[in-house]
Amino acid sequence: MKFNVPSARYGYALTAAQPTDLLDVQIQSEGSSANAGLARLILDPQSPGKPENQGNDLSLTNVRVSISAPRCNLATLIPKKEDVIDADVISGGHVAFWNVGDVFKGSQQQYSVNFVLTGPAHSRFEFVLQAAELPNPVRLQVDVSAGFQC
Amino acid sequence: MVVVYTVPSTKYVVPVNPLLPLDEIEITGPPPQQVPQNSQQTASFTLNVKNKPLANVIATITLTRSQHITAGAAANLGPAAGSGTPWTFSVNPTNDPYEARWVMQASAPDLAVGSAYPFAVQFNTGTTGGTFRITYRVQATQLLPTDPTETTFDLVVA
């Protein structure tokens, strides 16, 4: 599922020519189990950055991405903790996060985590993007069922 | 199919009148069924003003960069915008726009309780299949700027 951040969500005014950032969230099954899958958020940053940063390629700063997967076991973060500022699975193993600092225009980022659905047949995943340029986090919710495809 | 989103009472700057129903964003397009690639569709919603008059309204429909708002005045299905109307209309970004915005002109009267305002824009579904989340947004003096009044609808392109 693809989503463009509305221009009014940014903490600064965009000009008519300036695009916004695209998020693509994907949930796909993996392996032979109907309950095992991969949740992925792809961030394609195109926003121009804060006025003081415009003129360079910086798009978003202090970026944090998280994937919340209730009643799931999460494992295998990509990128790994060593490759970003920080990353981990927290909140009883149901939330994966990445602190990644600054991202540049056109530098597509991917964050993914393997999961196994352990609870009820339905679970509402939440993909969150936070950045200094976005006063409110961008939250995308996707319902997942056993044997899912998103 | 119509999807109605009620603006939560927590979104208002001043506590709402509990005797009145709350304002609504009534999504009327695109259709919930899968649509073909490279086809013309309409994204639309009606703002049902039910609780209090709304001032300085800005209505926005945001598609994704995989879709493109159809060029030309005929693509702007409504409300009518420009001189002599309460609205100005613009699209973003300039090249291959995917966001439509209507801004109430400063001289326009508040939107009255009991009235309904349709907003609609025509777009091309593009050449990529998948699910695309469309955002419908309303800003007004009476609604908290820090907690956006938005709702979404998923467009499925074959």
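## Two all-strand chains and their contact

Of the 150 residues in chain A, 38% count as buried. A residue is called buried here if 20 or more other C-beta atoms lie within 10 Å of its own C-beta atom. The model is predicted, and this report looks at each chain in turn before it turns to the contact.

**Chain A**

Chain A contains 0 helices and 10 strands. Read from the N terminus, its elements run β-β-β-β-β-β-β-β-β-β. The C-alpha trace of chain A spans about 50 × 30 × 25 Å along its principal axes. A compact globule of 150 residues would have a radius of gyration near 15 Å, and chain A has 16 Å, so the value agrees with that rule. Among the contacts in chain A between residues at least 6 apart in sequence, 65% join residues at least 24 apart.

**Strand β9 of chain A**

Which side chains of β9(A) point to the buried face, and which to the other? Strand β9(A) covers residues 122-131, and its side chains alternate along the strand. On one face S123(A), F125(A), F127(A), L129(A) and A131(A) are buried. H122(A), R124(A), E126(A), V128(A) and Q130(A) point to the other face and are not buried.

Strand β9(A) pairs with β4(A), residues 58-68, in the antiparallel sense over 5 bridges. One bridge in this pairing can be named: S66(A) has V128(A) in β9(A) as its partner. V128(A) is among the residues of β9(A) that are not buried.

Strand β9(A) also pairs with β10(A), again in the antiparallel sense, and here there are 9 bridges. In this pairing E126(A) stands opposite Q141(A) of β10(A). The link from β9(A) to β10(A) is a hairpin of 2 residues.

**Chain B**

Chain B has 0 helices and 11 strands. Along the sequence it follows the pattern β-β-β-β-β-β-β-β-β-β-β. Its C-alpha atoms fill a box of roughly 45 × 35 × 25 Å, taken along the principal axes. For 158 residues, a compact globule would have a radius of gyration near 15 Å; chain B has 16 Å, so this value agrees as well. Buried residues make up 39% of the 158 residues of chain B. When contacts in chain B between residues at least 6 apart in sequence are taken, 70% of them join residues at least 24 apart.

**Where the chains touch**

How many residues does each chain give to the contact? Chain A gives 16 residues and chain B gives 21 residues. On the chain A side, the elements that give two or more residues are β1(A), residues 2-4, and β10(A), residues 134-145. The largest share of this side, 3 residues, comes from β1(A). By class, the side of chain A that touches chain B has 10 nonpolar, 4 polar and 2 charged residues.

Strand β1(A) also takes part in a pairing between the chains: with β10(B), residues 130-139, it pairs in the parallel sense over 2 bridges. Within β10(B), R133(B) stands opposite F3(A).

The strand pairings described above are listed here.

| Pair | Sense | Bridges |
|---|---|---|
| β4(A) and β9(A) | antiparallel | 5 bridges |
| β9(A) and β10(A) | antiparallel | 9 bridges |
| β1(A) and β10(B) | parallel | 2 bridges |

Strand β10(A) thus appears in two places in this account: it pairs with β9(A), and it gives two or more residues to the side of chain A that touches chain B.

Terms used
Residues numbered from 1 in each chain as written. Chains lettered and ligands numbered in written order. Predicted model: local features only at pLDDT ≥ 70, side-chain atom pairs only at ≥ 80, totals over all residues. Contact = placed C-beta atoms within 7 Å. Helix = DSSP H or I, 4+ residues; strand = E, 2+ residues; numbered from the N terminus. Nonpolar A, V, L, I, M, F, W, Y, C, P; charged D, E, K, R; others polar. Pairing = 2+ DSSP bridges. Rg over C-alpha atoms; globule rule 2.2 N^0.38 Å. Buried ≥ 20, exposed ≤ 12 C-beta atoms within 10 Å, placed from the backbone.
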